[in-house]
Amino acid sequence: MAVSPASDWNPQAYAANAAFVPAMGQPVVDLLGPRAGERILDIGCGDGVLTAAIAQAGAAVVGVDASPAMVAAARARGLDARVMDGEALDFTDAFDAAFSNAVLHWMRDSGAVARGVFRALKPGARFVGEMGGAGNCATLWDGIHAELAARGLSLPAGELHWYPTVGDFTRVYADAGFTDIAAELIPRPTPLPTGAKGWIETFMTGPFNATGISAATQSEIAQAIDARVADRLRGPDGGWVADYVRLRFTMRKPL
């Protein structure tokens, strides 16, 4: 498959700047409740931290991710991880459950994702996960757009995220055929261990690459955004906290 520059993730930077993502995803694994003998699909497995947690329950897990570097990191953990576009899942009636954490908001064709997950699941199987919801990281995004605009730049629509409301999310997955859809928005202030700069360098490298912004300019932009949002996200103790909002969900493919 042809991999978009937006999928150009760095596993080392991710581990250093964004280890909080899988750490805060453990409650979603608990909600999934993986069982021994189940075959489970992890959509957007990244470096495999949560994939491994699911496997520890005795489930047979297949992780898919669009980033070859992250898939390599997951394979280094001994996991079955494959390079695959979440908007073009290539499975049919293959899994007892599907799982996804902090990934679906990166996939702009949400309908294609929903239909692909539906096809991948066996009748009666469940889909459990969490993603960015309406209002997620609003302050960081204000800083990103303001700094790019000041430089005469903007992100193409295809490089923006899908942060849905509960209603929008539910409609997409109901249209794909899912039933028993339960979704909620959860405000979750989230510490940023390396500040806004580290967040930008971790999560925006791919979109900036896809926009054609050079590495040197990206570093300048990250520092400038850090300065723009410091008064809103950095506390008196110097610690950074971002305004995360998560959309957590469960649903089922009908029998």
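Two strands count as paired if DSSP finds at least two bridges between them, and the strands (E, at least two residues) and helices (H or I, at least four) are themselves DSSP runs, numbered from the N terminus. The model on screen is predicted, so local features need pLDDT of at least 70 and side-chain atom pairs count only at pLDDT 80 or more, while totals for chains, interfaces and linings use all residues. Residues are numbered from 1 along each chain as its sequence is written, and side-chain values use heavy atoms, with hydrogens and water left out.

Start with the whole chain, which has 11 helices and seven strands. Its radius of gyration, taken over C-alpha atoms, is 18 Å, close to the 18 Å that the globule rule (2.2 Å times the number of residues to the power 0.38) gives for 255 residues, so the chain is as compact as a globular protein of that length.

Next, select the seven strands, which form an open sheet of mixed pairing in the order β3-β2-β1-β4-β5-β7-β6. At the edges stand β3 (80–83) and β6 (179–192), each with a single partner strand, so one side of each has no neighbour in the sheet. From one strand to the next the twist averages 15°.

Now narrow the selection to β1 (residues 39–43) and β2 (residues 60–65), which pair in the parallel sense over five bridges; within this pair, R39 has A60 of β2 as its bridge partner.

Add helix α6 (residues 110–120), which packs on the sheet and touches β1, β4 (95–101) and β5 (121–132), where contact means heavy atoms within 4.5 Å. The direction of α6 makes about 145° with that of β5; axes are lines fitted to C-alpha atoms, for helices over the stretch in contact, and angles run from 0 to 180 degrees between N-to-C directions. Then select helix α8 (residues 166–175), which lies across β5, β6 and β7 (240–252) and runs at about 135° to β6.

Finish at R126, which lies in strand β5. With a relative accessibility of 10%, R126 counts as buried, a class that means under 20% relative accessible area, determined with a 1.4 Å probe and protein chains only. A polar atom of the R126 side chain lies 3.4 Å from the backbone oxygen of G33. If neighbours within four places in sequence are left aside, the residues in contact with R126 include L32, G33, P34, R35, D96, M251 and R252.

Technical notes: Buried means under 20% relative accessible area, exposed over 50%, partly exposed in between (1.4 Å probe, protein chains only). A polar contact is a pair of N or O atoms within 3.5 Å; within protein, one must be able to donate a hydrogen and the other to accept it, and residues adjacent in sequence count only if both atoms are side-chain atoms.
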